[in-house]
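Reader: I am new to this structure. I would like a close look at a single part, and then its surroundings.

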Amino acid sequence: MENVLGLLIIGVRRGINLAVRDIGSSDPYVIITSGRQKLKTRVVKRNCNPQWNEDLTLTITDIHAPIKLEVYDKDTFTGDDKMGDAEIDIRPYIASLKMGFQKLPNGCALKRVPPTMSNCLADESSIVWNNGEITQDMLIRLRNVESGEVELRLKWVHIPGCKGLENEGTSRKH
């Protein structure tokens, strides 16, 4: 636990206009990986606009480690078909968390993150203060596929006794 900075809850909300991989539809699910951690949503049958509304929790030890999102179509008799991928850039979110904001009005936007070629955002994303928490809603455009987006929400959880973000990047004294 000494290298753990905290937990990142990735709320996988829904898929939008996902690719068709079966006859007229798909049976999509999402896999999120970071390092040796691999998390998966449930399969939504026959739906190219699935509602997952699932929270997947990653233990974060390195804020620079890539977080990969992949969407697959579940197949019964053959290997699952890939329906696109993306990388989740948490650096702007982590930078906002490190600013130490407290007691702001609900809905206060701390930062707006524009879509770029490197961040997989389909639209501008806002990092917002709500009910004592900083969250980031994002719409991720899938790569390597003809269509598809995935709506996510990031939320940080500090764990008492862990290294924490405020100590991230500082060396330990021996």
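Is Asp-85 buried or exposed, and what is its relative accessibility?

Author: Asp-85 counts as buried, because its relative accessibility is 9% and the cut-off for buried is under 20%. Keep in mind that this is a predicted model.

Start with the partner of Asp-85. Its side chain meets that of Arg-143 in a salt bridge, at 3.1 Å from N to O. The pair links distant parts of the chain. Asp-85 sits in strand E6, residues 81–88. Arg-143 sits in the loop between E9 and E10. The two are 58 residues apart. Arg-143 is partly exposed, with a relative accessible area of 36%. So a buried acid meets a partly exposed base.

The pair does not stand alone. Glu-70, Lys-82, Asp-85 and Arg-143 are linked in a network of salt bridges.

Stay in the loop between E9 and E10 for a moment. Asn-144 lies there too. Its phi is near 60°, a positive value in a residue other than glycine. Asn-144 counts as exposed, at 67% relative accessibility.

Another asparagine has a positive phi. For Asn-17 the angle is near 50°. Asn-17 is found in the loop between E1 and strand E2 (28–34). It counts as partly exposed, at 47% relative accessibility.

Now to the other salt bridges. The structure holds 13. One of them joins Glu-151 to Arg-14, with the closest N and O atoms 2.9 Å apart. Glu-151 lies in strand E10 and Arg-14 in strand E1, so this pair ties together parts that are 137 residues apart in sequence. Both ends are partly exposed: Glu-151 at 26% relative accessibility, Arg-14 with a relative accessible area of 30%. Another bridge is formed by the side chains of Arg-91 and Asp-89, at 2.9 Å from N to O. Asp-89 is partly exposed, at 22% relative accessibility.

Arg-91 leads on to the helix. Helix H1 covers residues 91–98. Its buried residues are Pro-92, Tyr-93, Ile-94, Ser-96 and Leu-97. They pack against five strands, listed here with their residues:

- strand E1, 6–16
- strand E7, 108–113
- strand E8, 125–130
- strand E9, 133–141
- strand E10, 149–157

Two of these strands have come up before: E1 holds Arg-14 and E10 holds Glu-151. After H1 comes Gly-100, whose phi is positive, near 70°.

Step back to the whole chain. The protein has one helix and 10 strands. Along the sequence the order is β-β-β-β-β-β-α-β-β-β-β. The radius of gyration is 17 Å, close to the 16 Å that the globule rule gives for 174 residues, so the protein is as compact as a globular protein of that length. Its C-alpha trace spans about 55 × 40 × 30 Å along the principal axes.

How is that chain packed? Of its 174 residues, 44% count as buried; Asp-85 is one of the buried residues. Take contacts between residues at least 6 apart in sequence: 57% of them join residues at least 24 apart.

Last, the surface and the charges. The protein exposes about 9,700 Å², and carbon and sulfur atoms supply 48% of that area. There are 24 positive and 23 negative charges, and their mean positions are 5 Å apart.

Key
Residues numbered from 1 in each chain as written. Predicted model: local features only at pLDDT ≥ 70, side-chain atom pairs only at ≥ 80, totals over all residues. Heavy atoms only, no water. Helix = DSSP H or I, 4+ residues; strand = E, 2+ residues; numbered from the N terminus. Rg over C-alpha atoms; globule rule 2.2 N^0.38 Å. Buried < 20%, exposed > 50% of the residue type's maximum accessible area, 1.4 Å probe, protein only. Contact = heavy atoms within 4.5 Å. Areas by Shrake-Rupley, 256 points an atom, 1.4 Å probe, with all protein chains shown as cover. Lys, Arg positive; Asp, Glu negative; His and termini not counted. Charge placed at Lys NZ, Arg CZ, Asp CG, Glu CD. Salt bridge = Lys/Arg side-chain N within 4 Å of Asp/Glu carboxyl O.
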